[in-house]
Amino acid sequence: MPELPEVETVRSGLDPVLTGHVIVRADIRRPDLRWPLPMGMAERLTGKTVVALRRRSKYILADLSSGETLIIHLGMSGRMLISGTQIGQFHHDHPAPEKHDHVVLDTDHGARVTFNDARRFGAMDLCPTDAVETHWLLDRIGPEPLGNAFNEDYLVAALHGRNTPIKAALLDQRIVAGLGNIYVCETLHRARISPRRKAGRIAADRVRTLVPVIRKVLSEAIEAGGSSLRDYRQADGELGYFQHTFRAYGREGAPCPTADCTGTITRIVQSGRSTFFCPTCQR
Ligand SMILES: [Zn+2]
C-alpha cells in the first residue's frame, strides 16, 4: 500500500504533466471505485485547467479552474500511468486501455494520465476547493508530518495519557497524517523506542526525538522516490513505486544495523500487522 512518500512521488511525477494544463477529455470507465465516483465527473473535469496539484496525507488534490478540487486516493493497488509525454528520458505512447484502467485524462499537450486499480480500494471525488479540509475523507486527519503544525510540543501533548502502544499511536491518522506500517517501523528503530511501549509512558524528551526522526525517514524516502522518477525504474511510465532500503522493515532475522548493537531484527504482530524491530536496542 502506498504511504506518504510514494504518494508524494506520484504527485511530483504528475505535476509537470497536469499543472497548468487543460483536461481536454475525461474518460470515466466505470461508475465507482471504492465508492461511487462523483455525479457528472467527466463534464466537471472537461475543459478545466489544473491550477495546482497538492498532497494532503495520502490524498492527491488537483485544484481546477472551475473552483472544484479533484481528490484522489490510490487505495491499496492504485497506479498512475503517464503516456504521450516524456518522463525522464523515456517517451511513452498511449497504450490500449486495459481492464483495470478506470479513469483516463487527456491534456491539451497530448499527455494522458491513466488511473489503474485492480482491487478498487482507490477513491476519487470532487468538491469545492475551499471545502477540501472539511470533506469527509479529510476532516479528521491530523497535521502533516513535514509541516510546521507537527512539532515536538504537539506530539508530546498528542501522546499524553495514551494507553495504546506507540506503534498504534503513530499509525493513528488523527495524530499524524500519512504514516503507515513501513515508516513507523523505520522511525521507531532509528529512535530506539520499542513499538510495544505505551505511548503515554514514554518520557517527553524521548517523544521529542521522534519528530526529527519522522521528518528524516520521510524526507529520505521522498528523495529516493524523486530519484526513481529520473531513472530506469520509470521506464514503463508508472509513477510512485520505488525500491528503498529499510533498516528494520521486512528484515526479520537480519543483524540490527544500529552501531554497536548485536541484536537481531524481530517480527511481531500488533493489531494484525507485522512490526519489525530490534528488542536489544529499542526500549
Ligand atoms: Zn538493535
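# Report on a predicted zinc-bound model

In the hairpin formed by strand 12 and strand 13, two residues lie between the strands, and S271 there takes a positive phi near 50°. This is a predicted model. The report starts at this hairpin, moves to the zinc site, and then covers the wider fold.

## The hairpin

Strand 12 covers residues 266-270 and strand 13 covers residues 273-277. The two pair in the antiparallel sense, over five bridges. Two residue pairs fix the register. R267 has F276 in strand 13 as its bridge partner. I268 stands opposite T275, also in strand 13. Strands of a sheet pair through backbone hydrogen bonds, either parallel or antiparallel.

## The zinc site

Which atoms coordinate the zinc ion? The donors are the SG atoms of C256, C261, C278 and C281, at 2.3 Å. The angles among the four donor atoms run from 105 to 115°, and the site is tetrahedral. A site of four donors counts as tetrahedral if all angles lie between 85 and 135 degrees, so the range of 105 to 115° meets the criterion. Along the sequence the donor residues follow the spacing C-x4-C-x16-C-x2-C. Two of the donor residues, C256 and C261, are both buried.

## Positive phi away from the hairpin

Two arginines also have a positive phi. The table sets them side by side.

| Residue | Phi | Location | Relative accessibility |
|---|---|---|---|
| R120 | about 55° | loop between strand 9 (112-116) and strand 10 | 30% |
| R192 | near 60° | loop between helix 5 and helix 6 (204-230) | 39% |

Neither value belongs to a glycine: R120 is not one, and R192 is a residue other than glycine. Are these residues buried or exposed? R120 counts as partly exposed, at 30% relative accessibility. R192 is partly exposed too, with a relative accessible area of 39%.

## Helix 5 and the loop before it

R192 comes just after helix 5. That helix spans residues 181-191. Helix 5 is mostly covered, with 10 of its 11 residues buried. Among the buried residues are N181, I182, Y183 and V184. C185, E186, T187 and L188 are also buried, as are H189 and A191. An α-helix has 3.6 residues a turn, so residues three or four places apart point the same way.

V176 sits in the loop between helix 4 (166-171) and helix 5. How much of V176 is accessible? Its relative accessible area is 0%. The cut-off for buried is under 20%, so V176 counts as buried. Leaving aside residues up to four places away in sequence, V176 touches P143, P145, F150 and L170. A158 is 18 residues from V176 in sequence, and the two are 9.3 Å apart in space, C-alpha to C-alpha.

## The four-stranded sheet

An open sheet of four strands has the order 2-3-4-10, and its pairing is antiparallel. Strand 2 (50-56) and strand 10 (123-128) stand at the edges. Each has a single partner strand, so one side of each is left without a neighbour in the sheet. Neighbouring strands of this sheet are turned by 20° against each other on average, direction ignored.

Strand 3 takes in residues 59-64. Six bridges join strand 2 to strand 3, and the two run antiparallel. One bridge partnership sets R55 against I60 in strand 3. Helix 1 (residues 4-18) lies across strand 2 and strand 3. Helix 1 runs at about 175° to strand 2. In a regular strand the side chains alternate between the two faces of the sheet.

## The whole protein

The protein has six helices and 13 strands. Its radius of gyration is 20 Å, close to the 19 Å that the globule rule gives for 283 residues, so the protein is as compact as a globular protein of that length. The C-alpha trace spans about 55 × 40 × 30 Å along its principal axes. Of the 283 residues, 52% count as buried. Among contacts with a separation of 6 or more, residues 24 or more positions apart account for 67%.

Definitions and conventions
Residues numbered from 1 in each chain as written. Predicted model: local features only at pLDDT ≥ 70, side-chain atom pairs only at ≥ 80, totals over all residues. Heavy atoms only, no water. Donors = N, O, S within 2.8 Å, 3.2 Å for Na, K, Ca; no water. Tetrahedral: all angles 85-135°; square planar, octahedral: opposite > 155°, others 65-115°. Buried < 20%, exposed > 50% of the residue type's maximum accessible area, 1.4 Å probe, protein only. Pairing = 2+ DSSP bridges. Axes fitted to C-alpha atoms, helices over the stretch in contact; angles between N-to-C directions. Contact = heavy atoms within 4.5 Å. Rg over C-alpha atoms; globule rule 2.2 N^0.38 Å.
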